[in-house]
Amino acid sequence: MRHLDVQVIEQALHWARSGQAVWLCTVLSTYGSAPRAPGAMLVANAQGEFVGSLSGGCVEEEFRESLARGELLEAAQIVRYGENAEQSRRLQLPCGGMLIVLVEHRAASPAWIDHLQQLQATLLGQHQQLRHVDLTTGQTHLQPVSHQAGERVSVCDEQVHIRVGPALRLILAGLSPVAEFCATFARAIGCEVIACDPRDEMQHVQLEGVQMRRILPSMFIAAGGCHSATAVVALTHDPKIDDLALMEAVHTPAFYIGAMGSQATSAKRAERLRRIAGLDDAQIARLHMPIGLDLGSKSPAEIALAVMADVLRVYHGKQRHAL
């Protein structure tokens, strides 16, 4: 399964290359209990077909009705959906929230196709870019960003700025029952999943929708396998797999690095990584050990759920005490 943003841009490219005009929608901000976060995207064509999501249903229906009425024909405009909408298009969201959406109507052209190709490369690449959209002229371009942190979306003086970055990637450092359930959950939320394991006893394992690499995860990581939207999870209890992966991962921009084990096992691993790999306190502090949220998990599926919940917590910038 492809990350949903990637699916949206790939569909937009397909329609543009076939000569179809498209509407590219991006959530700019939300108020109340809105279901999608800023940066979420949807693309539609003139027939009302669409890929992606803005609200999970209600806004999409209103948006398609607007297209059927021949509306939303400006190159770039902002539309408000929700109870306090200031524009004539009013929609009472069942959740009581409000969405502010950038709607772009783009004809098929070489320039638009080139822009979509750049977006696709960014989502599949290693670095973030900032997408600029001028609400007055409709012009848009991409610019590399010098740092990864910052608001996903901002609007200032008729200029919309949207951070576009690599799709969320999960690297399974070794295969295990817990890792296999992590792959299932990660695919369900649209992650790119890569499993690395060279062990002979794992050669028979095939996971649907997962890139299987029959090499040590440390080798894949050292070769540039991690970007800023990468989570590395070591779930085998095998130090030859887990420890080597952690040693390499701390030298990458991966946002989450974790290993399974009890408090005692984690303390021994930390001491081992200091002694053998020379990791310092700051590097050890990057490691989530024990991995996952404390949900009282016992079975492999429950542990995997706790792991992926913690990955998402960190990805969305939530502190444990705020849960």
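With a relative accessibility of 34%, Y315 counts as partly exposed, because that value falls between the 20% under which a residue is called buried and the 50% over which it is called exposed. The model that we are reading is a predicted one, and Y315 is a convenient place from which to begin a walk through it.

Y315 takes part in an aromatic pair, and the search for such pairs comes to a count of one. Its partner is F255: the centres of the two rings lie 5.3 Å apart and their planes stand at 50 degrees, so the pair is described as tilted. The two residues come from distant parts of the chain, since F255 sits in the loop between helix 6 (239-249) and strand 14, while Y315 belongs to helix 9, and 60 residues separate them. In general, a pair of aromatic rings is described by the distance of the centres and the angle of the planes.

From Y315 we can turn to the helix that carries it. Helix 9, which runs over residues 300-315, has 16 residues and reaches 22 Å from its first C-alpha to its last, close to the 22 Å expected at 1.5 Å a residue. Several of its residues are hidden from the surroundings, for A304, A306, V307, M308, D310, V311 and R313 are buried. What covers these buried residues includes four strands, namely strand 10 (169-173), strand 13 (230-234), strand 14 (256-259) and strand 15 (287-288), together with helix 4 (177-188). After helix 9 comes G317, a residue whose phi is positive, near 75 degrees.

Helix 4, which has just appeared as part of that cover, deserves a look of its own. Helix 4 has twelve residues and spans 17 Å from first C-alpha to last, close to the 16 Å expected at 1.5 Å a residue. Its buried residues are V178, A179, C182, A183, A186 and R187. Viewed down the axis of helix 4, these buried residues fall within an arc of 165 degrees, so they line one face of the helix. An α-helix has 3.6 residues a turn, so residues three or four places apart point the same way. On the other side of helix 4, P177 and A188 are exposed. The buried residues pack against strand 10, strand 11 (192-196) and helix 9, and the helix is followed by G190, whose phi is positive, near 90 degrees.

The next topic is the nonpolar interior. The largest nonpolar core has 29 residues, and those with the most contacts inside it are I9, V43, L102, L116 and V160. Two or more residues each are given to this core by helix 1 (4-17), strand 1 (22-31), strand 2 (41-45), strand 5 (98-106), helix 3 (110-123) and strand 9 (159-164). The greatest contribution is that of helix 1, with seven residues. To see how one member is surrounded, consider V43, which touches V8, Q11, A12, W15, V22, W23, L24, E49, F50 and V51 when residues up to four places away in sequence are not counted. A second, separate core of 28 residues includes L175, A179, C182 and V311; of these, A179 and C182 were met among the buried residues of helix 4, and V311 among those of helix 9.

Charged side chains complete the picture. Side chains of opposite charge can pair when their charged atoms come close, and a search of the whole structure finds 16 salt bridges. In one of them, E104 meets R131 with the closest N and O atoms 2.8 Å apart. This pair links distant parts of the chain, with E104 in strand 5 and R131 in strand 6 (residues 129-134), 27 residues apart. E104 is buried, with a relative accessible area of 0%, and R131 is buried as well, at 2%.

Another salt bridge joins D238 and R199, at 3.9 Å from N to O. D238 lies in the loop between strand 13 and helix 6, and R199 in the loop between strand 11 and strand 12 (211-213), so the pair ties together parts that are 39 residues apart in sequence. D238 is buried, with a relative accessible area of 14%, and R199 is buried with 15%. These two belong to a network of salt bridges that links D197, R199, D238 and K240.

A further salt bridge joins E62 to R69, with the closest N and O atoms 3.7 Å apart. Here E62 is buried, with a relative accessible area of 12%, whereas R69, at 45% relative accessibility, counts as partly exposed.

Notes: Residues are numbered from 1 along each chain as its sequence is written. This is a predicted model: local features need pLDDT of at least 70, side-chain atom pairs count only at pLDDT 80 or more; totals for chains, interfaces and linings use all residues. Side-chain values use heavy atoms; hydrogens and water are left out. The expected span of a helix is 1.5 Å times one less than its number of residues. Buried means under 20% relative accessible area, exposed over 50%, partly exposed in between (1.4 Å probe, protein chains only). Contact means heavy atoms within 4.5 Å. Rings of Phe, Tyr and Trp (its six-membered ring) pair if their centres lie within 6.5 Å; planes under 30 degrees apart count as stacked, over 60 as edge-to-face and the rest as tilted. A nonpolar core is a set of buried Ala, Val, Leu, Ile, Met, Phe, Trp, Tyr and Cys residues joined through side-chain atoms within 4.5 Å. The arc is that of the directions from the helix axis to the C-beta atoms. A salt bridge is a side-chain nitrogen of Lys or Arg within 4 Å of a carboxyl oxygen of Asp or Glu.
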